[in-house]
Amino acid sequence: MTEHLDYQLAAYDYVLPEGRIAQSPAIPRDSSRLLVVKDQLEHRHASFRDLPNFLQAGDLLVLNNTRVIPARLHGQKASGLPVEVLLLEPQPSETSPIDGFSDRWLALVKPGRRLKPGTKVWFSRHKPGSDSPVSSPSSSSSSPPSEGIWASVLATDPVTSGRIIQFEVPPEFSLREWIYEMGQLPLPPYIDQSDSEPEQYQTVYAACPGAVAAPTAGLHFTPELLQRLQESGIQQTFVTLHVGVGTFRPVEAEDITSHQMHSEWVEVPATTVEQIQATKARGGRVIAVGTTVVRSLEGVATQLGSLQAFCGKTNLFIYPGYQWQVIDAMITNFHLPKSSLMMLVSALIGRQRLLDLYQVAIAEQYRFYSFGDAMLILPESRITHKT
């Protein structure tokens, strides 16, 4: 009966009391709380800055060094109707990428029903609320770069229900610079009362721009904590997964085994593979910092048959019954009900055990979701990996 429930969407639901969704991050970052889980019976409460006390010399932390781009843009149709665009990922284009940013993107748009293929959207060069006037353009003209740029809706994406949009960019215009000037960091919709600064939605080791959401398990680290871990013999290495729609797209199928993950871009360097292999050879544990790292390592290992250096896309959906190949433990935040992230964590410690731990966290006033507290999952016995 348990196995049957593991595949039912409703079995991953829980009720989160009002006020438990963290609206702002802990200050300092490592003052957030940490629920340490060792087996099916034992758990304890700690602070994230206590992390070195629960790891061992020879362990390896694998972190995601993606950096969130200011992917939320505000524009308008020629009629004056306000439009919100969330850039998800660049798309192949007939023209060359500009400064590494393609001029064609997959995006989520609001209002979606009013943005059919063929629609044009105008984006001002001036931020909302600035002193510079913003006039409504004529759809028959192309605004010069000093005033704004046009984008055309080319098609509807059947997988995400988003839109493929094409920016009409003059040769001398830097799309990258314009996005960084005009865009906003796309905080999740449940964070609607935050006083956070943009850099607080980046990890301290964020280096590779491309994500539209932060790898939130890494938000708890400070440079000082990373240094303490290093001095304790706990090594660190990196992968890059640009968090995209696959992370927050809801699971809608009642039978979760029929859910299809959207592909996300990942890079696993050869040096990271070598460090993982060396860690396992000396008996250390490979600890994934966040579900994005889990999907990176396990996705590549599943796709290629073993963990190898890789740069490309992966779309592994992990749920109970998955045969682990790489990781031994993980750090993760508390996730939304019925989310693919809950299913991934359930594959590591069991669905009912996870739900029980969530109830413990709720009773103990833990903070949930992106800016919330964390769990350290250290199975007492090693995960039985795929042979």
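In what order do the nine strands of the open sheet lie? In this predicted model, the order reads β2-β1-β17-β16-β14-β3-β12-β13-β15, and the pairing is mixed. The edges are formed by β2 (43-47) and β15 (310-314), each of which pairs on one side only. On average, neighbouring strands of the sheet are turned by 25° against each other, direction ignored.

At the β15 edge, the partner strand is β13 (residues 264-268), and the two pair in the antiparallel sense over five bridges. Within this pairing, a handy landmark is Trp265, which stands opposite Lys313 in β15.

Two helices can be placed against the strands. Helix α7 (residues 340-349) packs on the sheet, where it touches β16 (329-333) and β17 (374-377). The direction of α7 makes about 145° with that of β16. Helix α8 (residues 351-363) also meets β16 and β17, and lies across β1 (33-37) and β2 as well. Relative to β2, helix α8 runs at about 50°.

Strand β13 leads on to another feature, for it is among the elements that give two or more residues to the lining of the second largest pocket, together with β6 (82-90) and β11 (208-211). The largest share, three residues, comes from β6. This pocket holds about 340 Å³ of space and is lined by 17 residues. Nearest its centre lie Glu89, Pro90, Pro209, Gly210 and His242. Sorted by class, the lining comprises eight nonpolar, five polar and four charged residues.

How values were computed
Residues numbered from 1 in each chain as written. Predicted model: local features only at pLDDT ≥ 70, side-chain atom pairs only at ≥ 80, totals over all residues. Heavy atoms only, no water. Pairing = 2+ DSSP bridges. Helix = DSSP H or I, 4+ residues; strand = E, 2+ residues; numbered from the N terminus. Axes fitted to C-alpha atoms, helices over the stretch in contact; angles between N-to-C directions. Contact = heavy atoms within 4.5 Å. 1 Å grid on protein atoms, 1.4 Å probe; cavity = no way out; pocket = protein on both sides within 12 Å on 5 of 7 lines; lining within 4 Å. Points joined across faces, edges and corners; volume = space filled by probe spheres on them. Nonpolar A, V, L, I, M, F, W, Y, C, P; charged D, E, K, R; others polar.
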